[in-house]
Structure formats: C-alpha cells, structure tokens
Amino acid sequence: MSEGFDPADYSVVVKLRGNPPNPWRWEIYRAGRWGPLESSPDFFSSMAAAAKDGKKALARLLAEQAA
C-alpha cells in the first residue's frame with residue numbers, strides 16, 4: 001500500500017454539468033486537492049445512474065492506489 005494512502009480521502013460527487021436529457025456526471029475528488037482527479041467520460045440521465053457508475057469508478061481507483 002502507498003504510504004499516506006487513506007481511502008477515506010476520496011469521494012464521488014454527482015454534479016449537474018450537462019443539458020437534458022443527460023445532464024448528470026460523476027467526479028472523483030481527493031481531500032486537499034482542488035478539482036477532480038477523474039470525471040465520467042459520459043453523461044447520465046439520472047443522478048442515481050451517475051452515482052452507481054461513479055462508485056464503481058472509485059472502487060477501481062482505490063484498488064489501483066492500494067496496489
């Protein structure tokens with residue numbers, strides 16, 4: 001595991017960034033950083049769909065960081 005790595009420092013935020021019918025996008029943030037580390041390449045029609053996909057992306061990112 002990387003030194004100083006704390007999974008609790010990472011979070012997924014769903015934001016209204018586009019125009020209907022697919023305005024939602026997820027973004028992954030890390031505490032102490034300005035701006036997202038990663039954001040969804042696609043837009044989603046619902047907040048729930050964006051959150052679900054964002055949680056999968058966060059899990060993948062955390063697995064990569066922990067390796």
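At 13% relative accessibility, F5 falls under the 20% cut-off, so this residue counts as buried. That makes F5 a handy way into this structure, which is a predicted model. The protein chain has 67 residues, and 25% of them are buried. Going from the N terminus, its elements run β-β-β-α, so to speak three strands and then one helix.

**Overall picture**

- The protein chain holds one helix and three strands.
- Taken along the principal axes, the C-alpha atoms fill a box of roughly 40 × 20 × 15 Å.
- About 4,600 Å² of the protein chain is exposed, and carbon and sulfur atoms supply 53% of that area.
- Take the contacts between residues at least 6 apart in sequence: 34% of them join residues at least 24 apart.
- On the charge side, the protein chain carries 9 positive and 8 negative charges, and the mean positions of these two sets are 6 Å apart.

**The nonpolar core**

- In soluble globular proteins, nonpolar side chains tend to be buried together.
- Here, the largest nonpolar core has eleven residues: F5, Y10, W24, W26, I28, F44, A50, A57, L58, L61 and L62.
- Two elements, strand 2 (24–30) and helix 1 (47–66), each supply at least two residues of this core.
- Helix 1 gives the largest share of the core, with five residues.
- A57 is one of the core residues, and leaving aside residues up to four places away in sequence, A57 touches W26 and I28.

**The aromatic pair**

- There's one aromatic pair by the ring-centre rule used here.
- The pair is F5 with Y10: the ring centres are 5.8 Å apart and the planes sit at 45°, so the pair is tilted rather than stacked (under 30 degrees) or edge-to-face (over 60).
- Y10 has 9% relative accessibility, which is under 20%, so Y10 counts as buried.
- F5 is buried too, at 13% relative accessibility, and both F5 and Y10 are listed in the largest nonpolar core.

**The cis peptide bond**

- Most peptide bonds are trans.
- The bond from P20 to P21 is cis, with omega near 15°.
- To find P21, look in the loop between strand 1 (10–16) and strand 2.

**P7 and its distances to the helix residues**

- P7 sits in the segment before strand 1.
- With a relative accessible area of 39%, P7 lies between the 20% and 50% cut-offs, so P7 is partly exposed.
- P7 and L58 are 51 residues apart along the chain, yet their C-alpha atoms are separated by 9.6 Å.
- A63 is part of helix 1, and the C-alpha atoms of A63 and P7 are also separated by 9.6 Å, with their places 56 residues apart along the chain.
- A63 has 49% relative accessibility, which is not over 50%, so A63 counts as partly exposed.

**Two exposed residues**

- K56 belongs to helix 1.
- K56 has 54% relative accessibility, which is over 50%, so K56 counts as exposed.
- The C-alpha atoms of K56 and D6 are separated by 18 Å, and these two residues are 50 residues apart along the chain.
- G32 is in the loop between strand 2 and strand 3 (38–39).
- G32 is exposed as well, because its relative accessible area of 89% is over 50%.
- G32 and L61 are 29 residues apart along the chain, with their C-alpha atoms separated by 17 Å.

Conventions
Residues are numbered from 1 along each chain as its sequence is written. This is a predicted model: local features need pLDDT of at least 70, side-chain atom pairs count only at pLDDT 80 or more; totals for chains, interfaces and linings use all residues. Side-chain values use heavy atoms; hydrogens and water are left out. Rings of Phe, Tyr and Trp (its six-membered ring) pair if their centres lie within 6.5 Å; planes under 30 degrees apart count as stacked, over 60 as edge-to-face and the rest as tilted. Buried means under 20% relative accessible area, exposed over 50%, partly exposed in between (1.4 Å probe, protein chains only). Helices (H or I, at least four residues) and strands (E, at least two) are DSSP runs, numbered from the N terminus. Contact means heavy atoms within 4.5 Å. Accessible areas come from the Shrake-Rupley method with a 1.4 Å probe; for residues, only the protein chains shown count as cover. Lys and Arg count as positive and Asp and Glu as negative; His and the chain ends are not counted. The place of a charge is taken as NZ of Lys, CZ of Arg, CG of Asp or CD of Glu. A nonpolar core is a set of buried Ala, Val, Leu, Ile, Met, Phe, Trp, Tyr and Cys residues joined through side-chain atoms within 4.5 Å.
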